[in-house]
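User: Please take a close look at one loop residue of the model shown below. I should then like to see how the rest of the chain is arranged, in one connected account.

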Amino acid sequence: MASPMDPADVKALMQSSDAGKIEETVRSFDNHHTKTAEDEQQLLKLRILLWNRILAVQRAASDDYSDALGKIGQCWIGMGETDKAISFLVKALEMKPDDAVSMEHLGAAYTDLSNYEKAIELRVKAISVLEKETDKAATASAYAK
């Protein structure tokens, strides 16, 4: 894989306690396109590794780490590890019960497991949360899903 990061840079980030810098780096991969499924899996593994480091730093600082939990859950969905994704997304929602993004991802995970009743419940709840916000595009997207 043409790695988006040098191994020495990864090591430095894994030893860093600057959650903001680590998050900036991992978010820079959001639009990184890979050429093969294997490369995509490697990138997802790197993202999980970095989000777990952010999670550890935020936990140690007693910060809100619900976003890190949600991002790790999203990565596990991308890897096809739905059961692992669910545990992270449930924890994210325990910390931040009105997180529509985590609700939507959890709904997608339950859809993957053919638990359509739970998936619909979560999607409807996400729409309810989004309707209270001004981001009409996110609300429309939730309806489309």
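Analyst:
**A loop residue and its setting**

Ser114 sits in the loop that joins H6 to H7. The model is predicted, so local features are reported at pLDDT of at least 70 and side-chain atom pairs at pLDDT 80 or more, while totals for chains, interfaces and linings take in all residues. Residue numbers start from 1 along each chain as its sequence is written, and side-chain values rest on heavy atoms, without hydrogens or water.

The phi angle of Ser114 is near 65 degrees, a positive value in a residue that is not glycine. Most residues other than glycine have a negative phi. Ser114 counts as partly exposed because its relative accessibility is 45% (buried means under 20% relative accessible area, exposed over 50% and partly exposed in between, with a 1.4 Å probe and protein chains only). A second serine with positive phi is Ser62, where the angle is near 60 degrees. Ser62 belongs to the loop between H3 and H4, and with a relative accessible area of 68% it is exposed.

On one side of the Ser114 loop lies H6, which spans residues 100–112 and contains Ser102. Ser102 is classed as buried because its relative accessibility is 3%. Apart from neighbours within four places in sequence, Ser102 is in contact (heavy atoms within 4.5 Å) with Gly70, Leu89, Ala92 and Leu93. On the other side, helix H7 holds Tyr116, a residue that is partly exposed because its relative accessible area is 48%. Tyr116 joins Ile120 and Val124 in a nonpolar surface patch with about 320 Å² of accessible area together. Such a patch consists of Val, Leu, Ile, Met, Phe, Trp or Tyr residues with over 30% relative accessible area and no salt bridge, their side chains joined within 5 Å.

**The whole chain**

The protein chain contains eight helices and zero strands, and its elements from the N terminus on read α-α-α-α-α-α-α-α. These are DSSP runs, with H or I over at least four residues for helices and E over at least two for strands. Of its 145 residues, 39% count as buried. Among contacts with a separation of 6 or more, 51% are between residues 24 or more positions apart. The accessible surface amounts to about 8400 Å², and carbon and sulfur atoms hold 50% of it (Shrake-Rupley method, 1.4 Å probe).

The largest nonpolar core comprises 38 residues, and those with the most contacts inside it are Met5, Phe29, Leu50, Trp51, Ile54, Trp76 and Leu106. Helices H1 (7–15), H2 (19–27), H3 (37–60), H4 (66–78), H5 (82–95), H6 and H7 (116–131) each give two or more residues to this core, and H3 gives the most, with nine. A core of this kind is a set of buried Ala, Val, Leu, Ile, Met, Phe, Trp, Tyr and Cys residues joined through side-chain atoms within 4.5 Å. For Ile54, neighbours within four places in sequence aside, the contacts are Ala19, Ile22, Glu23, Val26 and Ala68.

Glu23 leads from these contacts to the charged pairs. The structure has five salt bridges, each a side-chain nitrogen of Lys or Arg within 4 Å of a carboxyl oxygen of Asp or Glu. In one of them, the side chains of Glu23 and Arg27 meet at 2.7 Å, N to O. These two residues are about one helical turn apart, because four residues separate them in helix H2. Arg27 also forms a salt bridge with Asp67, again at 2.7 Å, N to O. Because Arg27 lies in helix H2 and Asp67 in helix H4, this pair ties together parts that are 40 residues apart in sequence. Both are partly exposed: Arg27 has a relative accessible area of 30%, and Asp67 has a relative accessibility of 34%.

A further salt bridge brings together the side chains of Asp30 and Arg47 at 2.7 Å, N to O. Asp30 is in the loop between H2 and H3 and Arg47 is in helix H3, 17 residues apart, and the pair links distant parts of the chain. Asp30 is partly exposed, with a relative accessible area of 41%, whereas Arg47 is buried at 14% relative accessibility. Through shared partners, salt bridges join Glu23, Arg27 and Asp67 into one network.

Notes. Patches are made of residues with over 30% relative accessible area and no salt bridge: like charges are joined within 9 Å, nonpolar side chains (Val, Leu, Ile, Met, Phe, Trp, Tyr) within 5 Å.
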